Amino acid sequence: MGTPRGDRLAGEAPKWSGMLNRLSQVLTECATGKVSGVIRIAGEPGGTVHLADGAVVAIDTPGAPGPEVLLLRSGRVPEPGWAAAFTAAAASGEVGAELVRRELIGAGELEALLRMALADAMFVLAAGELAEYEVDNTPGDCVLPLEPAIGPSWLLAETSRRLAVLASLPTPVEHDRDRWASARGAGPAGLALGSGQETILALANGRRTARDMAFALGRGVYAVTLQLAQMHADGLLVPGARRVVPAQPSDSGHRQAGQDKAQDAVKSADVTAGEQVPPLPRRRRGGTAQPRRGRPAGGPMDRAALLRLLRPGAAGTDEDSM
Amino acid sequence: MIEDALLALLGALRDRVVGITDTALASRDGLIITSDTADIDPDNLAALAAASLGLAQRMSAEAGKGTLREATTRGSGGCVAVYAVGTSALLVVVGDEGLDLGRLHRESRPTVEAIEVVLKRGQSGLGGAGMAAS
Amino acid sequence: MARLSESLHRVLDVAGARTAALVDIGTGTVVCAAGDGGAAFPAAAAGLAGEARSAMSAFGPARPGGDLDEVAVVTGSRFLLSKVVDSRAGEGLLLFVDFDRAQTNMALAAWQVGQAASALLA
């Protein structure tokens, strides 16, 4: 949309380092305590960090492709081969060893891929927002754990490096907010051949962020982000509609979050002045949904009044549950 | 316009939950009301979603599992979730492999409620013109 | 199953090798390293990855001489060798080795690194 990003990033750098510090703290505590289990992070994108004796074996997050997507979507391992290895390893749970045994991928190459997947996942966690986290000493399920597991220092140092690189780009790209479309006239003539730019252009339909393209291509989010920044600077891509995400509630259970989301949903519906919109029903614990008021008799309802209605506590009780 | 409000709600859901690639709102008999899709054919999606929701509801009832919450289809490349919107419509959400279904199911509820509100508005306030599929 | 770290440590057996690392070409990430690269090593690795990317795109898909094989940087006292071990469009992996030039026979070292590279991802 052409809005300058520089100011935003200058303000964001402290947020990123704040998030990185929080992650660093949690990971270090878990490393010291030799935790085997998971750290569940609620936020945007949020995710789950799998630990064995305090070292990281895997990270699941909606914000970055995991090893399975990286292997399959890139075409590195064909689907039938994966399916066969997955089935054969069902008893042992060692899909990685089975892939190597079947010569679908080399052990060194798989280890490199798993390390890169971890770095990518940590990067998106650190660049995102954290609402709350919990440490659970029950190990979670992990399809492709990294062996040997790694301590957090390499992950955190690499994440810090990546954030610094992105912050210093002349044309910054937010991997989970900026969407991209191909620039008018961007064609084969302008492409750096052999660099994978053509696959990016094919995906650039104005609806995809770097993260979305990474999932579609089976590549890392950070790697795609760098490429998008370069292609934007080269005039091959133009920004599409930015993704608008409400700020994470910092100390909220699902109950409050649900009400905030309903409020946001109505706000974002962009109801025009002439429309009358009755208030959303508020659920009462143990009962069915009861409308707060009947429909207004006539005249446009004041949108501000509607939103006041939806604010927690407006009814005099916030004993409501979604 | 009602359709603008609906599209805005669909767009806001796609913004809010990372991993959603396409959404559509359809009538229970499989006709598209409005959609926010890229390469997927909304008409085909609507028809299949209606069939799938109907089947899932019957299955849930047959298995004694109560009211259907959502019907989800998972593939190697992602998933499709269908939610009932009142008794007359349904919401289809298509996502990639990174879509967190648990989160989607939580986040879609306010959207479903808001859509219901807008649809009821459209049906009641306009002299019986009802919803026109376009 | 040979671990990356062990494989890289074996590369340090080559005369004059000070640092051996597996570097991701698309991002400049040091995936794994052996030896003492120093604090500036990650930045240097990222720079090398950038060089490899430029070289790859300069040749283009026509690739008259085949895919990019290696990039060598020679200074008065150092020999930096980056051997491509995995190559895809615009990305891949390289085995980077930093030699003390005074203790290294460059041609022999390059051959030995080539041997190590082909076994690294296996």
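Mentor: Let's start with a rule: two strands pair if DSSP finds at least two bridges between them. Keep in mind that we are looking at a predicted model.

Trainee: What makes β3 and β4 of chain C a pair?

Mentor: Strand β3(C), residues 70-74, and β4(C) are joined by 5 bridges in the antiparallel sense. The rule asks for at least two, so these strands pair. One of the links is between C:A72 and C:L81, its bridge partner in β4(C). The two strands form a hairpin, with 3 residues between them.

Trainee: How do you know that β4(C) is also joined to β5(C)?

Mentor: Set the count against the cut-off again: there are 10 bridges between β4(C) and β5(C), and at least two are needed. These strands run antiparallel. For an example to find on screen, C:V84 has C:L94 in β5(C) as its bridge partner.

Trainee: Now the helix. How does the reach of α3(C) fit what is expected for its residues?

Mentor: Helix α3(C) spans residues 106-120, which is 15 residues. From first C-alpha to last it reaches 20 Å, close to the expected 21 Å at 1.5 Å a residue.

Trainee: Which residues of α3(C) are called buried, and what earns them that word?

Mentor: They are C:A109, C:V113, C:A116, C:A117 and C:L120. Buried means 20 or more other C-beta atoms within 10 Å of the residue's own, so each of these five residues meets that cut-off. They are on the same side of α3(C) because they cover an arc of only 105° around the axis.

Trainee: Which exposed residues lie on the face turned away from that side?

Mentor: That face carries C:A107, C:L108, C:W111, C:Q115 and C:S118.

Trainee: What do the buried residues of α3(C) pack against?

Mentor: Within chain C, their partners are α1 (4-11), β1 (17-24), β4 (78-88) and β5 (91-100). From chain A, α5 (107-126) joins them.

Trainee: How many residues of chains A and C are in contact?

Mentor: On chain A there are 22, facing 26 on chain C. Helix α5(A) gives the largest share of chain A's side, 8 residues. By class, that side has 11 nonpolar, 6 polar and 5 charged residues.

Trainee: Which elements of chain C have the lowest and highest mean pLDDT?

Mentor: Helix α2(C), residues 41-59, has the lowest at 86, while β1(C) has the highest at 96. Chain C has a mean pLDDT of 88, with 92% of its residues at 70 or more. The model scores ipTM 0.93 and pTM 0.83.

Technical notes. Residues numbered from 1 in each chain as written. Chains lettered and ligands numbered in written order. Predicted model: local features only at pLDDT ≥ 70, side-chain atom pairs only at ≥ 80, totals over all residues. Helix = DSSP H or I, 4+ residues; strand = E, 2+ residues; numbered from the N terminus. Expected span 1.5 Å × (residues − 1). Buried ≥ 20, exposed ≤ 12 C-beta atoms within 10 Å, placed from the backbone. Arc of directions from axis to C-beta. Contact = placed C-beta atoms within 7 Å. Nonpolar A, V, L, I, M, F, W, Y, C, P; charged D, E, K, R; others polar. pLDDT = per-residue confidence, 0-100.
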